[in-house]
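This report describes one protein model. It begins with a single residue and ends with the protein as a whole.

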Amino acid sequence: MEDPFLHLASLSSYIAQQFVQFIEDLICIDIFGWSENLVGFGGQHVTFTSNRGYRSVHEASSFSSRVSNQGTSLIIGDRSASNLNDSLIVNSRLEIVRSNQSYGGFSLIFEGLMLPVYGLRFAWKLMVASWRCFISHIRCALVRVQSVISRVRKTLHGSSDDIGWMQRAPEMAPVVDGSATFRELLQDIRNGQHTLPDSFVYLLIPGFFSNHGPLYFVSTKKFFSKMGLTCHIAKIHSEASVEQNAWELKQYIEELHWGSGKRVMLLGHSKGGVDASAALSKYWHELKDKVAGLAFVQSPYGGTPVASDILREGQIADKETRRIMEFLICKLIKGDIRALEDLTYEKRQEFIKNHKLPDDIPLISFHSEASIALNVIATMSHIAHAELPWLPLPGFGDNDSADVNQAGCKVPVIVPVSAGLALCALHLQLRYGEMSDGLVTCRDAEVPGSVVVKPDMKLDHAWMVYSSWKKDPNEPDASEMCEALLTMLVELGKNRKKLC
(Lines give C-alpha, C1' and ligand atoms only; values in the text may rest on other atoms or scores of the structure.)
Protein backbone atom coordinates (compact mmCIF):
# COMPACT_ATOMS: atom_id res chain seq x y z
CA MET A 1 0.00 0.00 0.00
CA GLU A 2 1.37 3.30 -1.09
CA ASP A 3 2.16 5.96 1.37
CA PRO A 4 -0.76 8.49 1.67
CA PHE A 5 1.69 11.31 2.14
CA LEU A 6 3.20 10.48 -1.24
CA HIS A 7 -0.25 10.65 -2.87
CA LEU A 8 -0.98 13.94 -1.12
CA ALA A 9 2.29 15.43 -2.35
CA SER A 10 1.60 14.29 -5.93
CA LEU A 11 -1.93 15.71 -5.78
CA SER A 12 -0.64 19.01 -4.46
CA SER A 13 1.97 19.13 -7.23
CA TYR A 14 -0.66 18.37 -9.83
CA ILE A 15 -3.03 21.06 -8.53
CA ALA A 16 -0.21 23.61 -8.49
CA GLN A 17 0.77 22.62 -12.03
CA GLN A 18 -2.83 22.95 -13.24
CA PHE A 19 -3.20 26.33 -11.56
CA VAL A 20 -0.02 27.56 -13.18
CA GLN A 21 -1.19 26.31 -16.55
CA PHE A 22 -4.55 28.04 -16.08
CA ILE A 23 -2.82 31.31 -15.33
CA GLU A 24 -0.53 30.84 -18.33
CA ASP A 25 -3.52 30.17 -20.58
CA LEU A 26 -5.15 33.43 -19.52
CA ILE A 27 -1.96 35.35 -20.10
CA CYS A 28 -1.42 33.65 -23.45
CA ILE A 29 -4.83 34.76 -24.70
CA ASP A 30 -3.98 38.40 -23.96
CA ILE A 31 -0.50 38.02 -25.42
CA PHE A 32 -1.83 36.73 -28.74
CA GLY A 33 -4.17 39.74 -28.92
CA TRP A 34 -1.33 42.15 -28.19
CA SER A 35 1.08 40.55 -30.63
CA GLU A 36 -0.66 42.25 -33.57
CA ASN A 37 0.46 45.68 -32.25
CA LEU A 38 4.12 44.77 -31.73
CA VAL A 39 6.73 46.89 -33.53
CA GLY A 40 7.62 45.53 -37.00
CA PHE A 41 11.18 44.52 -37.74
CA GLY A 42 12.03 43.74 -41.39
CA GLY A 43 8.33 43.54 -42.32
CA GLN A 44 7.56 41.01 -39.46
CA HIS A 45 6.66 41.25 -35.80
CA VAL A 46 9.54 40.12 -33.67
CA THR A 47 9.84 38.31 -30.35
CA PHE A 48 12.80 37.44 -28.23
CA THR A 49 13.60 33.75 -27.60
CA SER A 50 15.29 32.26 -24.63
CA ASN A 51 18.54 31.80 -26.54
CA ARG A 52 18.68 35.61 -27.34
CA GLY A 53 17.64 35.07 -30.91
CA TYR A 54 14.73 36.51 -32.89
CA ARG A 55 11.54 34.75 -33.88
CA SER A 56 8.62 36.15 -35.82
CA VAL A 57 5.13 36.06 -34.37
CA HIS A 58 3.98 34.10 -37.40
CA GLU A 59 6.54 31.44 -36.51
CA ALA A 60 5.46 31.49 -32.85
CA SER A 61 1.80 31.13 -33.80
CA SER A 62 2.57 28.32 -36.24
CA PHE A 63 4.67 26.63 -33.61
CA SER A 64 1.92 26.96 -31.01
CA SER A 65 -0.66 25.70 -33.47
CA ARG A 66 1.52 22.70 -34.24
CA VAL A 67 1.85 21.96 -30.59
CA SER A 68 -1.87 22.34 -30.07
CA ASN A 69 -2.56 20.05 -33.05
CA GLN A 70 -0.44 17.36 -31.47
CA GLY A 71 -2.85 17.32 -28.58
CA THR A 72 -2.15 19.63 -25.71
CA SER A 73 -5.12 18.60 -23.67
CA LEU A 74 -3.92 17.59 -20.29
CA ILE A 75 -5.07 14.17 -19.07
CA ILE A 76 -4.24 13.13 -15.64
CA GLY A 77 -3.86 9.54 -16.68
CA ASP A 78 -1.26 10.27 -19.47
CA ARG A 79 1.21 12.51 -17.67
CA SER A 80 4.31 11.89 -19.71
CA ALA A 81 3.14 13.06 -23.19
CA SER A 82 1.00 15.85 -21.92
CA ASN A 83 3.76 17.17 -19.65
CA LEU A 84 6.13 17.35 -22.64
CA ASN A 85 3.60 19.22 -24.78
CA ASP A 86 2.63 21.45 -21.90
CA SER A 87 6.22 22.34 -21.25
CA LEU A 88 6.65 23.33 -24.89
CA ILE A 89 3.54 25.49 -24.82
CA VAL A 90 4.53 27.05 -21.57
CA ASN A 91 8.03 27.77 -22.84
CA SER A 92 6.84 29.36 -26.09
CA ARG A 93 4.25 31.45 -24.30
CA LEU A 94 6.73 32.53 -21.70
CA GLU A 95 9.03 33.60 -24.51
CA ILE A 96 6.26 35.73 -26.00
CA VAL A 97 5.47 37.24 -22.65
CA ARG A 98 9.09 38.00 -22.02
CA SER A 99 9.55 39.50 -25.47
CA ASN A 100 6.49 41.71 -25.10
CA GLN A 101 7.44 42.86 -21.66
CA SER A 102 11.05 43.50 -22.66
CA TYR A 103 10.10 45.37 -25.86
CA GLY A 104 7.41 47.46 -24.18
CA GLY A 105 9.79 48.47 -21.45
CA PHE A 106 12.49 49.35 -23.97
CA SER A 107 10.02 51.46 -25.95
CA LEU A 108 8.88 53.35 -22.88
CA ILE A 109 12.45 53.94 -21.78
CA PHE A 110 13.41 55.13 -25.27
CA GLU A 111 10.48 57.50 -25.46
CA GLY A 112 11.25 58.81 -22.02
CA LEU A 113 14.82 59.48 -23.02
CA MET A 114 13.64 61.22 -26.23
CA LEU A 115 11.34 63.65 -24.40
CA PRO A 116 14.12 66.19 -23.74
CA VAL A 117 15.17 65.92 -27.38
CA TYR A 118 11.61 66.57 -28.48
CA GLY A 119 11.45 69.52 -26.12
CA LEU A 120 14.68 70.95 -27.50
CA ARG A 121 13.42 70.53 -31.08
CA PHE A 122 10.16 72.27 -30.22
CA ALA A 123 12.01 75.08 -28.45
CA TRP A 124 14.34 75.48 -31.48
CA LYS A 125 11.44 75.61 -33.93
CA LEU A 126 9.63 78.11 -31.71
CA MET A 127 12.75 80.25 -31.49
CA VAL A 128 13.30 80.12 -35.27
CA ALA A 129 9.64 81.03 -35.94
CA SER A 130 9.85 83.91 -33.45
CA TRP A 131 13.07 85.15 -35.05
CA ARG A 132 11.56 85.00 -38.53
CA CYS A 133 8.48 86.88 -37.33
CA PHE A 134 10.71 89.49 -35.69
CA ILE A 135 12.80 89.89 -38.84
CA SER A 136 9.63 90.18 -40.93
CA HIS A 137 8.30 92.96 -38.70
CA ILE A 138 11.66 94.71 -38.81
CA ARG A 139 11.69 94.53 -42.60
CA CYS A 140 8.15 95.90 -42.82
CA ALA A 141 9.08 98.71 -40.47
CA LEU A 142 12.19 99.50 -42.53
CA VAL A 143 10.15 99.53 -45.73
CA ARG A 144 7.66 101.93 -44.16
CA VAL A 145 10.39 104.17 -42.81
CA GLN A 146 12.14 104.21 -46.20
CA SER A 147 8.83 104.99 -47.89
CA VAL A 148 8.22 107.90 -45.53
CA ILE A 149 11.77 109.17 -46.02
CA SER A 150 11.38 108.88 -49.80
CA ARG A 151 8.10 110.79 -49.69
CA VAL A 152 9.60 113.51 -47.53
CA ARG A 153 12.60 113.85 -49.85
CA LYS A 154 10.38 113.94 -52.93
CA THR A 155 8.16 116.55 -51.33
CA LEU A 156 11.05 118.75 -50.27
CA HIS A 157 12.85 118.33 -53.60
CA GLY A 158 9.72 119.32 -55.52
CA SER A 159 10.31 120.64 -59.03
CA SER A 160 13.94 121.64 -58.59
CA ASP A 161 15.14 119.45 -61.46
CA ASP A 162 12.27 120.35 -63.79
CA ILE A 163 12.20 124.14 -63.79
CA GLY A 164 13.90 125.46 -66.92
CA TRP A 165 14.27 122.04 -68.53
CA MET A 166 13.78 123.52 -72.02
CA GLN A 167 16.91 125.69 -71.69
CA ARG A 168 18.94 122.60 -70.76
CA ALA A 169 17.63 120.46 -73.63
CA PRO A 170 20.12 120.60 -76.52
CA GLU A 171 17.49 119.87 -79.16
CA MET A 172 15.47 123.00 -78.28
CA ALA A 173 15.89 126.07 -80.47
CA PRO A 174 17.36 129.18 -78.84
CA VAL A 175 15.32 132.28 -78.08
CA VAL A 176 15.85 135.89 -79.10
CA ASP A 177 15.37 138.83 -76.76
CA GLY A 178 12.90 141.35 -78.19
CA SER A 179 12.23 143.41 -75.07
CA ALA A 180 13.75 146.59 -76.51
CA THR A 181 11.57 146.45 -79.63
CA PHE A 182 8.52 145.82 -77.49
CA ARG A 183 9.20 148.85 -75.30
CA GLU A 184 9.53 151.07 -78.36
CA LEU A 185 6.25 149.85 -79.80
CA LEU A 186 4.53 150.27 -76.44
CA GLN A 187 5.76 153.85 -76.16
CA ASP A 188 4.50 154.63 -79.67
CA ILE A 189 1.09 153.23 -78.80
CA ARG A 190 0.89 155.36 -75.67
CA ASN A 191 1.73 158.34 -77.87
CA GLY A 192 -1.23 157.57 -80.09
CA GLN A 193 0.49 155.69 -82.92
CA HIS A 194 -1.66 152.65 -83.57
CA THR A 195 -0.29 150.61 -86.48
CA LEU A 196 -2.06 147.32 -85.90
CA PRO A 197 -3.64 146.42 -89.29
CA ASP A 198 -7.23 145.34 -89.79
CA SER A 199 -6.19 142.69 -92.31
CA PHE A 200 -6.24 140.06 -89.59
CA VAL A 201 -8.75 138.62 -87.20
CA TYR A 202 -7.45 138.84 -83.63
CA LEU A 203 -8.38 135.92 -81.41
CA LEU A 204 -7.84 136.16 -77.66
CA ILE A 205 -7.63 132.75 -75.98
CA PRO A 206 -8.35 132.74 -72.23
CA GLY A 207 -6.65 130.55 -69.66
CA PHE A 208 -7.52 128.42 -66.66
CA PHE A 209 -10.71 129.36 -64.72
CA SER A 210 -11.59 132.00 -67.30
CA ASN A 211 -15.16 130.71 -67.49
CA HIS A 212 -15.64 131.91 -63.92
CA GLY A 213 -14.27 135.40 -64.61
CA PRO A 214 -16.79 137.31 -66.75
CA LEU A 215 -14.37 140.22 -67.35
CA TYR A 216 -11.55 138.02 -68.64
CA PHE A 217 -10.07 139.85 -71.71
CA VAL A 218 -13.20 142.02 -71.92
CA SER A 219 -11.39 145.34 -71.64
CA THR A 220 -8.88 144.31 -74.30
CA LYS A 221 -11.61 143.27 -76.70
CA LYS A 222 -13.40 146.59 -76.22
CA PHE A 223 -10.14 148.44 -76.77
CA PHE A 224 -9.56 146.64 -80.09
CA SER A 225 -13.15 147.09 -81.20
CA LYS A 226 -12.91 150.86 -80.67
CA MET A 227 -9.98 150.88 -83.13
CA GLY A 228 -12.14 149.13 -85.72
CA LEU A 229 -10.36 145.79 -85.44
CA THR A 230 -12.08 142.41 -85.58
CA CYS A 231 -11.42 140.81 -82.21
CA HIS A 232 -12.93 137.72 -80.61
CA ILE A 233 -12.56 135.87 -77.34
CA ALA A 234 -12.40 132.13 -77.92
CA LYS A 235 -15.41 130.39 -76.45
CA ILE A 236 -13.81 127.26 -75.06
CA HIS A 237 -14.11 125.38 -71.81
CA SER A 238 -10.96 126.57 -70.08
CA GLU A 239 -11.10 123.73 -67.53
CA ALA A 240 -11.02 121.08 -70.29
CA SER A 241 -7.94 119.13 -71.32
CA VAL A 242 -5.35 120.58 -73.70
CA GLU A 243 -6.17 118.11 -76.47
CA GLN A 244 -9.90 118.86 -76.29
CA ASN A 245 -9.33 122.62 -76.40
CA ALA A 246 -6.85 122.17 -79.25
CA TRP A 247 -9.57 120.51 -81.33
CA GLU A 248 -12.13 123.20 -80.44
CA LEU A 249 -9.66 125.98 -81.27
CA LYS A 250 -8.90 124.37 -84.61
CA GLN A 251 -12.58 124.44 -85.50
CA TYR A 252 -12.99 127.98 -84.14
CA ILE A 253 -10.07 129.28 -86.23
CA GLU A 254 -11.43 127.65 -89.36
CA GLU A 255 -14.85 129.27 -88.80
CA LEU A 256 -13.28 132.70 -88.34
CA HIS A 257 -11.16 132.29 -91.46
CA TRP A 258 -14.05 131.07 -93.61
CA GLY A 259 -16.34 133.80 -92.31
CA SER A 260 -13.95 136.72 -92.81
CA GLY A 261 -11.48 135.48 -95.41
CA LYS A 262 -8.65 136.79 -93.21
CA ARG A 263 -5.88 135.03 -91.41
CA VAL A 264 -6.06 134.83 -87.63
CA MET A 265 -3.60 136.29 -85.12
CA LEU A 266 -3.60 134.33 -81.85
CA LEU A 267 -2.87 135.69 -78.39
CA GLY A 268 -3.15 133.13 -75.62
CA HIS A 269 -2.90 133.89 -71.93
CA SER A 270 -1.75 131.25 -69.43
CA LYS A 271 -3.24 127.87 -70.37
CA GLY A 272 -4.78 129.53 -73.45
CA GLY A 273 -1.31 129.79 -74.97
CA VAL A 274 -0.71 126.09 -74.29
CA ASP A 275 -4.05 125.21 -75.91
CA ALA A 276 -3.26 127.35 -78.95
CA SER A 277 0.21 125.82 -79.37
CA ALA A 278 -1.33 122.35 -79.15
CA ALA A 279 -3.77 123.24 -81.93
CA LEU A 280 -0.94 124.45 -84.17
CA SER A 281 1.26 121.45 -83.36
CA LYS A 282 -1.39 118.82 -84.07
CA TYR A 283 -3.34 120.47 -86.91
CA TRP A 284 -0.75 122.62 -88.67
CA HIS A 285 -1.51 121.11 -92.08
CA GLU A 286 -5.10 122.34 -91.80
CA LEU A 287 -4.23 125.69 -90.16
CA LYS A 288 -1.09 126.59 -92.10
CA ASP A 289 -2.79 129.12 -94.38
CA LYS A 290 -5.24 130.33 -91.71
CA VAL A 291 -2.98 131.39 -88.78
CA ALA A 292 -0.49 134.28 -89.05
CA GLY A 293 1.21 134.09 -85.64
CA LEU A 294 0.94 133.23 -81.96
CA ALA A 295 1.80 135.31 -78.89
CA PHE A 296 2.25 133.48 -75.58
CA VAL A 297 1.34 135.67 -72.62
CA GLN A 298 2.54 134.21 -69.30
CA SER A 299 1.94 130.70 -70.63
CA PRO A 300 3.44 127.63 -68.88
CA TYR A 301 4.67 126.12 -72.13
CA GLY A 302 7.28 124.02 -70.32
CA GLY A 303 5.03 123.39 -67.32
CA THR A 304 4.50 125.00 -63.96
CA PRO A 305 5.78 124.00 -60.51
CA VAL A 306 2.40 124.80 -59.00
CA ALA A 307 0.61 122.05 -60.95
CA SER A 308 3.50 119.60 -60.55
CA ASP A 309 3.82 120.14 -56.79
CA ILE A 310 0.09 119.61 -56.33
CA LEU A 311 -0.29 116.45 -58.43
CA ARG A 312 3.13 114.83 -58.02
CA GLU A 313 2.82 111.15 -57.15
CA GLY A 314 4.92 109.69 -54.35
CA GLN A 315 5.00 112.79 -52.16
CA ILE A 316 3.36 113.34 -48.78
CA ALA A 317 -0.45 113.27 -48.91
CA ASP A 318 -0.43 112.88 -52.70
CA LYS A 319 -3.66 110.88 -52.85
CA GLU A 320 -5.51 113.21 -50.48
CA THR A 321 -4.37 116.28 -52.41
CA ARG A 322 -5.49 114.75 -55.69
CA ARG A 323 -8.92 113.92 -54.27
CA ILE A 324 -9.30 117.53 -53.09
CA MET A 325 -8.36 118.89 -56.52
CA GLU A 326 -10.69 116.43 -58.24
CA PHE A 327 -13.51 117.64 -56.02
CA LEU A 328 -12.74 121.31 -56.73
CA ILE A 329 -12.23 120.96 -60.48
CA CYS A 330 -14.56 118.10 -61.39
CA LYS A 331 -17.40 118.45 -58.92
CA LEU A 332 -17.43 122.11 -57.96
CA ILE A 333 -16.67 123.86 -61.26
CA LYS A 334 -17.56 120.94 -63.58
CA GLY A 335 -14.13 120.77 -65.18
CA ASP A 336 -11.62 118.07 -66.05
CA ILE A 337 -8.69 117.16 -63.80
CA ARG A 338 -6.63 116.67 -66.97
CA ALA A 339 -6.69 120.44 -67.44
CA LEU A 340 -4.37 120.72 -64.46
CA GLU A 341 -2.45 117.52 -65.23
CA ASP A 342 -1.57 118.80 -68.71
CA LEU A 343 0.33 121.69 -67.11
CA THR A 344 2.69 119.48 -65.10
CA TYR A 345 6.28 119.10 -66.23
CA GLU A 346 5.85 115.41 -66.96
CA LYS A 347 2.89 115.94 -69.28
CA ARG A 348 4.43 118.96 -70.99
CA GLN A 349 7.69 117.16 -71.70
CA GLU A 350 5.78 114.24 -73.18
CA PHE A 351 3.57 116.47 -75.32
CA ILE A 352 6.40 118.68 -76.63
CA LYS A 353 8.44 115.60 -77.49
CA ASN A 354 5.59 114.17 -79.59
CA HIS A 355 4.14 117.45 -80.97
CA LYS A 356 6.60 120.21 -81.85
CA LEU A 357 5.59 123.67 -82.93
CA PRO A 358 6.02 124.46 -86.64
CA ASP A 359 9.12 126.40 -87.61
CA ASP A 360 7.48 128.69 -90.17
CA ILE A 361 5.25 130.68 -87.80
CA PRO A 362 6.25 133.80 -85.80
CA LEU A 363 6.16 133.28 -82.04
CA ILE A 364 6.42 135.67 -79.10
CA SER A 365 6.87 134.70 -75.44
CA PHE A 366 5.85 137.30 -72.88
CA HIS A 367 6.64 136.70 -69.21
CA SER A 368 6.83 138.88 -66.14
CA GLU A 369 7.71 138.95 -62.46
CA ALA A 370 5.18 139.57 -59.72
CA SER A 371 5.83 142.16 -57.05
CA ILE A 372 6.23 140.82 -53.53
CA ALA A 373 6.16 144.22 -51.82
CA LEU A 374 3.82 144.79 -48.90
CA ASN A 375 1.71 147.36 -50.75
CA VAL A 376 0.55 144.60 -53.12
CA ILE A 377 -1.70 143.27 -50.36
CA ALA A 378 -3.95 146.30 -50.82
CA THR A 379 -4.18 145.82 -54.60
CA MET A 380 -7.62 144.62 -55.69
CA SER A 381 -8.57 143.14 -59.07
CA HIS A 382 -11.87 143.81 -60.76
CA ILE A 383 -12.99 140.40 -62.02
CA ALA A 384 -16.77 140.72 -62.46
CA HIS A 385 -19.95 142.73 -62.00
CA ALA A 386 -22.76 141.74 -59.68
CA GLU A 387 -26.05 143.08 -60.95
CA LEU A 388 -28.51 143.83 -58.17
CA PRO A 389 -32.23 143.35 -58.85
CA TRP A 390 -34.59 146.29 -59.12
CA LEU A 391 -35.80 147.11 -55.63
CA PRO A 392 -39.10 148.98 -55.05
CA LEU A 393 -38.45 151.96 -52.78
CA PRO A 394 -41.42 154.00 -51.42
CA GLY A 395 -41.63 157.74 -52.18
CA PHE A 396 -41.27 159.87 -49.08
CA GLY A 397 -42.30 163.20 -50.63
CA ASP A 398 -46.05 162.64 -50.90
CA ASN A 399 -47.92 160.41 -48.54
CA ASP A 400 -50.92 160.08 -50.88
CA SER A 401 -48.79 159.13 -53.82
CA ALA A 402 -48.83 155.43 -54.67
CA ASP A 403 -45.86 155.78 -56.94
CA VAL A 404 -42.69 154.01 -56.01
CA ASN A 405 -39.15 154.64 -57.10
CA GLN A 406 -37.28 151.83 -58.68
CA ALA A 407 -33.56 151.70 -58.33
CA GLY A 408 -30.96 149.20 -59.56
CA CYS A 409 -27.25 149.13 -60.27
CA LYS A 410 -24.21 146.98 -61.06
CA VAL A 411 -21.81 146.39 -58.21
CA PRO A 412 -18.17 145.61 -59.10
CA VAL A 413 -16.74 142.37 -57.73
CA ILE A 414 -13.20 142.95 -56.58
CA VAL A 415 -10.91 140.21 -55.29
CA PRO A 416 -7.36 140.47 -53.85
CA VAL A 417 -5.91 138.31 -56.63
CA SER A 418 -2.62 140.19 -56.62
CA ALA A 419 -2.10 139.49 -52.92
CA GLY A 420 -2.51 135.75 -53.42
CA LEU A 421 -0.22 135.71 -56.45
CA ALA A 422 2.39 137.73 -54.54
CA LEU A 423 2.44 135.06 -51.83
CA CYS A 424 2.83 132.34 -54.48
CA ALA A 425 5.65 134.26 -56.14
CA LEU A 426 7.39 134.65 -52.77
CA HIS A 427 6.99 130.92 -52.14
CA LEU A 428 8.54 129.99 -55.50
CA GLN A 429 11.37 132.44 -54.97
CA LEU A 430 12.21 131.13 -51.50
CA ARG A 431 11.83 127.46 -52.36
CA TYR A 432 13.37 127.29 -55.83
CA GLY A 433 15.11 130.62 -56.23
CA GLU A 434 13.06 131.32 -59.37
CA MET A 435 11.35 134.53 -60.40
CA SER A 436 7.75 134.13 -61.47
CA ASP A 437 4.44 135.90 -61.92
CA GLY A 438 2.99 133.83 -59.08
CA LEU A 439 2.11 130.75 -61.14
CA VAL A 440 4.58 130.47 -64.03
CA THR A 441 8.35 130.85 -63.75
CA CYS A 442 10.11 133.04 -66.29
CA ARG A 443 12.23 130.22 -67.69
CA ASP A 444 9.24 127.92 -68.25
CA ALA A 445 7.41 130.67 -70.17
CA GLU A 446 10.13 131.05 -72.82
CA VAL A 447 9.06 129.03 -75.84
CA PRO A 448 11.99 127.62 -77.86
CA GLY A 449 12.49 129.50 -81.14
CA SER A 450 10.41 132.49 -80.05
CA VAL A 451 11.14 136.15 -79.42
CA VAL A 452 11.13 136.76 -75.67
CA VAL A 453 9.62 139.90 -74.20
CA LYS A 454 10.40 140.98 -70.62
CA PRO A 455 8.55 144.09 -69.44
CA ASP A 456 10.06 146.56 -67.00
CA MET A 457 6.98 146.55 -64.81
CA LYS A 458 6.25 144.09 -62.02
CA LEU A 459 3.19 142.23 -63.26
CA ASP A 460 1.47 139.27 -61.72
CA HIS A 461 -0.27 136.47 -63.59
CA ALA A 462 -3.71 138.10 -63.58
CA TRP A 463 -2.69 141.64 -64.50
CA MET A 464 -2.90 141.09 -68.27
CA VAL A 465 -6.54 139.97 -68.21
CA TYR A 466 -8.11 141.68 -65.19
CA SER A 467 -7.90 145.43 -64.79
CA SER A 468 -6.73 146.85 -61.52
CA TRP A 469 -9.25 148.63 -59.35
CA LYS A 470 -6.92 151.63 -59.08
CA LYS A 471 -5.21 152.44 -62.37
CA ASP A 472 -2.08 154.51 -62.73
CA PRO A 473 -2.44 156.83 -65.72
CA ASN A 474 1.34 157.07 -66.05
CA GLU A 475 1.65 153.32 -66.62
CA PRO A 476 0.44 151.32 -69.67
CA ASP A 477 -2.56 149.09 -69.17
CA ALA A 478 -3.12 145.49 -70.29
CA SER A 479 -4.91 146.47 -73.52
CA GLU A 480 -2.00 148.58 -74.70
CA MET A 481 0.46 145.80 -73.91
CA CYS A 482 -1.62 143.31 -75.90
CA GLU A 483 -1.69 145.73 -78.81
CA ALA A 484 2.09 146.11 -78.64
CA LEU A 485 2.57 142.33 -78.61
CA LEU A 486 0.32 141.79 -81.64
CA THR A 487 1.95 144.69 -83.49
CA MET A 488 5.33 143.13 -82.87
CA LEU A 489 3.97 139.76 -84.06
CA VAL A 490 2.79 141.35 -87.32
CA GLU A 491 6.24 142.84 -87.91
CA LEU A 492 7.88 139.45 -87.25
CA GLY A 493 5.64 137.94 -89.91
CA LYS A 494 6.60 140.63 -92.40
CA ASN A 495 10.30 140.12 -91.71
CA ARG A 496 9.94 136.38 -92.27
CA LYS A 497 8.33 136.99 -95.62
CA LYS A 498 11.16 139.28 -96.64
CA LEU A 499 13.74 136.67 -95.66
CA CYS A 500 11.92 134.00 -97.61
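Q298 sits in the loop that runs between strand 8 (291-297) and helix 10. The model is a predicted one. The phi angle of Q298 is positive, about 55°, although the residue is not a glycine. Q298 counts as buried because its relative accessible area is 0%, and the cut-off for buried is under 20%.

F217 can be read alongside Q298. This residue is found in the loop between strand 5 (200-205) and helix 6 (218-226). Phi of F217 is near 65°, again a positive value in a residue other than glycine. With a relative accessibility of 1%, F217 is buried.

**Residues and their accessibility**

The table lists residues with their place in the model, their relative accessibility and the resulting class.

| Residue | Place | Relative accessibility | Class |
|---|---|---|---|
| F217 | loop between strand 5 and helix 6 | 1% | buried |
| Q298 | loop between strand 8 and helix 10 | 0% | buried |
| L340 | helix 12 | 8% | buried |
| P448 | loop between helix 14 and strand 14 | 16% | buried |
| L426 | helix 14 | 31% | partly exposed |
| A173 | loop between helix 4 and strand 4 | 41% | partly exposed |

**A contact between two loops**

A173 belongs to the loop between helix 4 (165-168) and strand 4 (176-177). P448 lies in the loop between helix 14 and strand 14 (451-453). Which residues does A173 touch, leaving aside those up to four places away in sequence? They are P448 and G449. A173 and G449 are 276 residues apart along the chain, yet their C-alpha atoms are separated by 4.9 Å.

From the side of P448, the contacts beyond four places in sequence are M166, M172, A173, P174, V175 and Y301. M166 falls within the range of helix 4, residues 165-168. P448 also has a C-alpha distance of 9.1 Å to S365, a residue 83 places away in sequence. The two partners differ in class: A173 is partly exposed, since its relative accessibility is 41%, whereas P448, at 16%, is buried.

**The second largest pocket**

The second largest pocket holds about 780 Å³ of space. Its lining consists of 32 residues, and F208, F209, L421, L439 and H461 are the closest to the pocket centre. Three helices each supply at least two lining residues: helix 10 (305-311), helix 11 (318-332) and helix 14 (417-432).

How many of the lining residues are nonpolar, polar and charged? The lining divides into 25 nonpolar residues, 7 polar residues and no charged ones.

**L340 and L426**

L340 is located in helix 12, which covers residues 338-341. Not counting residues up to four places away in sequence, L340 touches F208, A307, L311, M325 and I329. One of these, F208, is also among the residues closest to the centre of the second largest pocket. A307 and L311 fall in the range of helix 10, and M325 and I329 fall in that of helix 11. The C-alpha atoms of L340 and E326 are separated by 9.8 Å, with their positions 14 residues apart along the chain. L340 is buried, as its relative accessibility is 8%.

L426 is part of helix 14. Its C-alpha atom is 6.3 Å from that of I372, which is 54 residues away along the chain. L426 counts as partly exposed, with a relative accessibility of 31%.

**Cysteines**

How many disulfides does a search of the whole structure find? The search finds 0. A disulfide is a covalent bond between the sulfur atoms of two cysteines. Turning to accessibility, C330 is partly exposed at 27%. C424 is partly exposed as well, at 30%.

**The protein as a whole**

The protein contains 15 helices and 14 strands. Of its 500 residues, 40% are buried. The accessible surface comes to about 29100 Å², and carbon and sulfur atoms account for 59% of that area. Among contacts between residues at least 6 apart in sequence, 79% join residues at least 24 apart. The contact of A173 with G449, whose positions are 276 residues apart along the chain, is one of this kind.

Definitions and conventions. Residues numbered from 1 in each chain as written. Predicted model: local features only at pLDDT ≥ 70, side-chain atom pairs only at ≥ 80, totals over all residues. Heavy atoms only, no water. Helix = DSSP H or I, 4+ residues; strand = E, 2+ residues; numbered from the N terminus. Buried < 20%, exposed > 50% of the residue type's maximum accessible area, 1.4 Å probe, protein only. Contact = heavy atoms within 4.5 Å. Areas by Shrake-Rupley, 256 points an atom, 1.4 Å probe, with all protein chains shown as cover. Disulfide = S-S within 2.5 Å. 1 Å grid on protein atoms, 1.4 Å probe; cavity = no way out; pocket = protein on both sides within 12 Å on 5 of 7 lines; lining within 4 Å. Points joined across faces, edges and corners; volume = space filled by probe spheres on them. Nonpolar A, V, L, I, M, F, W, Y, C, P; charged D, E, K, R; others polar.
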